[in-house]
Number of protein chains: 2
Amino acid sequence: GEEITIPNYLLTRLEQLGVKHMFGVPGDFNLRFLDYVEDFPTIEWVGNCNELNAAYAADGYARVNEHSVGVVTTTFGVGELSAINGIAGAFSEMVPVLHITGVPSTDQQAHKSLLHHTLGDGRFDAYRKAAEQFTIAQADITSKVTAAAQIDRILTDLITYVRPVYLTMPTNMVDQKISSAPLSTPLSRRAQSNDPSVEKFVLDEIAKLAKAAQSESEKDGIVILVDACAIRHHVRDEVKELCEKTGFPVYAAPMGKTAVSEEYERYGGIYIGSVTAPEIKEKIENAKLILSIGSLKSDFNTGNFTYSIPVNNTVELHSEYTQVQYATFPNIGMKNLLPKLSNILLSYRSLAIQVPVPPYKIAVPTESNETITHTWFWPRVGKFFKPKDIVIAETGTSSFGLLDTPLPKESVFVSQILFGSIGWATGSTLGAAIAGRDLGLGRTILFTGDGSIQLTVQEISTMMRLGLKPIIFVINNEGYTIERCIHGKNRKYNDIANWHWTSLLKFFSDDPSGKLSNSYTVTNKAELSKLLDDPAFASTEKIQLVEVMMHKFDAPRALKVTTGFNESLEN
Amino acid sequence: GEEITIPNYLLTRLEQLGVKHMFGVPGDFNLRFLDYVEDFPTIEWVGNCNELNAAYAADGYARVNEHSVGVVTTTFGVGELSAINGIAGAFSEMVPVLHITGVPSTDQQAHKSLLHHTLGDGRFDAYRKAAEQFTIAQADITSKVTAAAQIDRILTDLITYVRPVYLTMPTNMVDQKISSAPLSTPLSRRAQSNDPSVEKFVLDEIAKLAKAAQSESEKDGIVILVDACAIRHHVRDEVKELCEKTGFPVYAAPMGKTAVSEEYERYGGIYIGSVTAPEIKEKIENAKLILSIGSLKSDFNTGNFTYSIPVNNTVELHSEYTQVQYATFPNIGMKNLLPKLSNILLSYRSLAIQVPVPPYKIAVPTESNETITHTWFWPRVGKFFKPKDIVIAETGTSSFGLLDTPLPKESVFVSQILFGSIGWATGSTLGAAIAGRDLGLGRTILFTGDGSIQLTVQEISTMMRLGLKPIIFVINNEGYTIERCIHGKNRKYNDIANWHWTSLLKFFSDDPSGKLSNSYTVTNKAELSKLLDDPAFASTEKIQLVEVMMHKFDAPRALKVTTGFNESLEN
Ligand SMILES: Cc1ncc(C[n+]2csc(CCOP(=O)(O)OP(=O)(O)O)c2C)c(N)n1
Ligand SMILES: Cc1ncc(C[n+]2csc(CCOP(=O)(O)OP(=O)(O)O)c2C)c(N)n1
Ligand SMILES: [Mg+2]
Ligand SMILES: [Mg+2]
């Protein structure tokens, strides 16, 4: 067959997977590889300010470009380690990110040369050992003979297990040529087939439970609860079908938010254990059967482990197993199970739809003063969202506030509730905005805190360099409010430097005149409402930053309930 | 004995080691620990913008506060992994940094709770396994009974091996009390004693070589070459004594720069193999005996492995072994050997000092045009330095330029030549400036590139919050010039966003009026000279930033020689 360089082989595979952008930072061990990237027609190199931000961007890109993957390229040691927290986050949250790192030549490695970026002690495997903790597969390109197979193997793992993989590219392998023949067979997820007899058994069991759960007198005995893995393992469509065919009310855990449209007429809102709004909580916890899809029961995703759903009433569908009450069925995966389940539960629809599901809407409260409170802010902002918006929530008051804010149909909610690394949201916004542009989605809107944005702020300059136009809301509440809720309310360690937020966009784009961007400070309700109602603002013709002044002890409902924080704003 | 909480035990140990500042970022798993830090009278908490910067700051602090250690505290997972590249750098460059991380309670760990900041799969040892790659000792505080011994063990390793150590502090251990009795015995380096008979043998061997190397007709047959480990393993005083007692000319490798005063009358300059200035190169390579102290032969420290010093003519003194020609003597360490060596070589002085050592000075060249070139810039800046200045060099043109710039006596040169992680210098400057203030040193002066500063720029806001007043020179040469020299001269991946540099200090300190800082752009020689000659500028009453405009293809001599780059500035 035709010969192709190893980088072009890899890039062609990525192209086949729908990758249009690659993130990272150059370094002398990856420069020759980047020549191929820069010259590759369909993949654009996005140079980031630093590697952690690049990894976060690749993660955000993969979250929005949902059936594709994110890619980050770094240099040996210094670069890859700088990115590792972003990779670990993608592992934790099940986001498919390929981490490519340019490394010394196989000769230099074999001779343990005392190169720059090494640990100085000849250990050339230390970085890889660290990477092994946070990736599900690794490959070192060390020979022409195995290069294609290595690449195909880790990319298949990447799309199958939707968790990061790690690839090292030694400098002396970059220009080597290999056969392009395998490229004519596109990669696909490793097939997962449910054993038919076990699957039938499982379906029968579920059918029995359903029968016992719904009746003429208990028409809302069955509910669906959708969570993170429904999104990550690509069963949105199957879940939609299940909802529509059965008419069961559907709720989402925080990490499953927007897996089902929040405007869907039988969508009931967010379930977070004891933190759930009472009307919603009751509906779920009183159900006789909960069909839980792709659940991920982490502390913040479950109101600190306060689910009040008996195992006896639960069927859990996962990517690689099914749990019916107390019984686990390994290798019965939801991708194949769901369509069959939809069909066997069809008949429940007629009764189910007789019980209306109260629409998931939150009214903007009337408050007597002009201060911007969390209670008022989130519903107010909720009215600003439009279909297809990408809404990104940083860990902190933002993430808890947005949980309780209904989003329009086709919008995408992006947050990192399990891993919760602050600074992630800013980097992720870059990737999300790029993917959104590629896919023709709507506006990209970031909500972050004055503390969190400081970790990765420089990446906003990359957004401007690429002509992206997100809206960035920065909640200025004098520091780490979420931490004040948890511990150290008045401690100095929860204070931060105040920046001159409205100069940020001008500074990072070398735009002293401020023509390329708009920045605003809003200190009261009227100012914010006026801004949100301004069509010029809403149309995002420029990148925009809004500094929202809030009280340092104010917090959204869900955060107060989770942490037991209840301070008067006057303290 | 009296009872004391575990954090106070640790903090008292750190106080005994001379620690006055701790760096880091809070997180819910370390907040209660930070209560003790904030309340501890002699150690000040420095909250950083992010964890990587905090680790870099701890590294810079340890480099300048030379007989103490740096400390960085992070939170579980997200925080510690964000810092890991800074810890790896400290490992590589032998800088003693204690990394404390607040982790979930021992119970939560045992139950593998699905907590935020975990990988979601119950692996509570993954972060520690990563840390093991980059620290020489680890301790988990899991019981009152062993806590003191664990702390003492890793701190002793820290000061003995001057490489990072890792300590996890579970939330449930923080308030526990232990005996303070061990605190009355201060920690010290593990004793290293040279076996007297082996040591005598080694000294005799060296004496023989010395005798053969120096003679009436070859008075400059013996030279001293000092390198990184002379600084890291604290033998500056012993080296000074050797130099003074023997009168041998002394040179430094890049990483040993300022180990011996560059104003010392028998100091001859920097040796970097084939990259060395010819006059200096010849002196060293023609010597019959080179007494090499604490050498670290990494690529950039040796002009890409181009030492031209026969092993036959070399004696290498290291912290834990000695090498005489081809023979290695394990466990003969330089700390004890050096004073004896000085005494046996006393008699060589009278001949040695008859050969003058040309002073290590570099004249400012006269150039016909006004462009700021590297050839002109570094000598010109050299005239600006004063004794006790702390000079920090970022990897890039800055680091190569400063190598060739003589520094005044008692100045401290800080750079990361082996690990070479860009962004390090900005974070390190924070720690260096704090240590400099604690120790009553002079100005802190950072030289960085427009590319490198982007990785960690936010930490400048911490400098301002603490009232530090470094001078920050940013070389604006439109991107990654050092990489253009290596590969991809005109590649887009070597371009970066241009920022509005002179707004940086105003933005990060919320100081739109610019009263707290001064910022300058210099575009030609006259402007720069005027600024450097301005006493107000030199006195650093405010924090200052100088944007220095340079050509994107210009590079210092040493960088051009190392990379073989030689482009006309007109291209
Ligand atoms: C990388 C990382 N470092 C530290 C933390 C601990 N942490 C969680 S939230 C938070 C404060 C966030 O403050 P801010 O962004 O201002 O949010 P808000 O004040 O709105 O709560 C911190 C420090 C973390 N989650 N991730
Ligand atoms: C963390 C990290 N990422 C990437 C690199 C690769 N690298 C080495 S030098 C350099 C460019 C530095 O550019 P700049 O600071 O502008 O210096 P100058 O233009 O003066 O050479 C890069 C990207 C690195 N050394 N460390
Ligand atoms: Mg805040
Ligand atoms: Mg530059």
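B:Asp510 sits in the loop between helix H20 (504–508) and strand S20 (517–522) of chain B. Helices here are DSSP runs of H or I with at least four residues, strands are runs of E with at least two, and both are numbered from the N terminus. Phi of B:Asp510 is near 50 degrees, a positive value in a residue other than glycine. Most residues other than glycine have a negative phi. B:Asp510 counts as partly exposed, at 31% relative accessibility. On that scale, buried is under 20% relative accessible area, exposed is over 50%, and partly exposed is in between, with a 1.4 Å probe and protein chains only.

Some ground rules. This is a predicted model, where local features need pLDDT of at least 70 and side-chain atom pairs count only at pLDDT 80 or more, while totals for chains, interfaces and linings use all residues. Residues are numbered from 1 along each chain as its sequence is written, chains are lettered from A and ligands numbered from 1 in the order in which they are written, and side-chain values use heavy atoms, with hydrogens and water left out.

Next, B:Asn331. It lies in the loop between strand S15 (327–330) and helix H12 (334–344) of chain B. Its phi is near 60 degrees, again a positive value in a residue other than glycine. B:Asn331 is exposed, with a relative accessible area of 58%.

Now B:Thr106. You will find it in helix H5 (residues 106–110) of chain B. It is partly exposed, at a relative accessible area of 25%. What does B:Thr106 touch, not counting residues up to four places away in sequence? B:Thr142, B:Pro170 and B:Asn172. Contact here means heavy atoms within 4.5 Å. With B:Asn172 there is also a polar contact, side chain to side chain, at 2.6 Å. A polar contact is a pair of N or O atoms within 3.5 Å; within protein, one must be able to donate a hydrogen and the other to accept it, and residues adjacent in sequence count only if both atoms are side-chain atoms. The C-alpha atoms of B:Thr106 and B:Ser143 are 9.2 Å apart, and 37 residues separate the two along the chain.

On to the metals. Which protein atoms hold the magnesium ion (ligand 3)? The donors are A:Asp450 (OD), A:Asn477 (OD1) and A:Gly479 (O), at 2.0 to 2.1 Å. Donors are N, O and S atoms within 2.8 Å of the metal (3.2 Å for Na, K and Ca), and water is not among the atoms, so sites may look incomplete. A:Asp450 lies in the loop between strand S18 (444–449) and H17 of chain A, and A:Gly479 in the loop between strand S19 (471–476) and H19 of chain A, so the pair ties together parts 29 residues apart in sequence. A:Asp450 and A:Gly479 are buried.

Chain B has a magnesium ion (ligand 4), coordinated by B:Asp450 (OD), B:Asn477 (OD1) and B:Gly479 (O) at 2.0 to 2.1 Å. The spacing of these donors along the chain is D-x26-N-x1-G. B:Asp450 and B:Gly479 are buried.

Back to S18 of chain A for a moment, where A:Thr444 sits. A:Thr444 is buried, with a relative accessible area of 6%. Beyond its neighbours within four places in sequence, its contacts include A:Ile390, A:Ile392, A:Pro470 and A:Ile471.

One helix deserves a look. Eight of the nine residues of helix H14 (residues 374–382) of chain B are buried, so it is largely enclosed by the rest of the structure. Among the buried ones are B:Trp376, B:Phe377 and B:Trp378. The cover includes helix H15 (397–403), strand S18 (444–449), strand S19 (471–476), helix H21 (525–533) and strand S21 (543–549) of chain B.

Last, the interface. How many residues of each chain are in contact? There are 83 of chain A and 83 of chain B. The two chains bury about 6,800 Å² between them, 59% of it on carbon and sulfur atoms. Buried area is the accessible area (1.4 Å probe) that two parts lose on being put together, summed over both. Six salt bridges cross this interface. A salt bridge is a side-chain nitrogen of Lys or Arg within 4 Å of a carboxyl oxygen of Asp or Glu. B:Asp35 forms one with A:Arg491, with the closest N and O atoms 3.2 Å apart. Residue pairs in polar contact between the chains number 48, both partners at pLDDT 80 or more.
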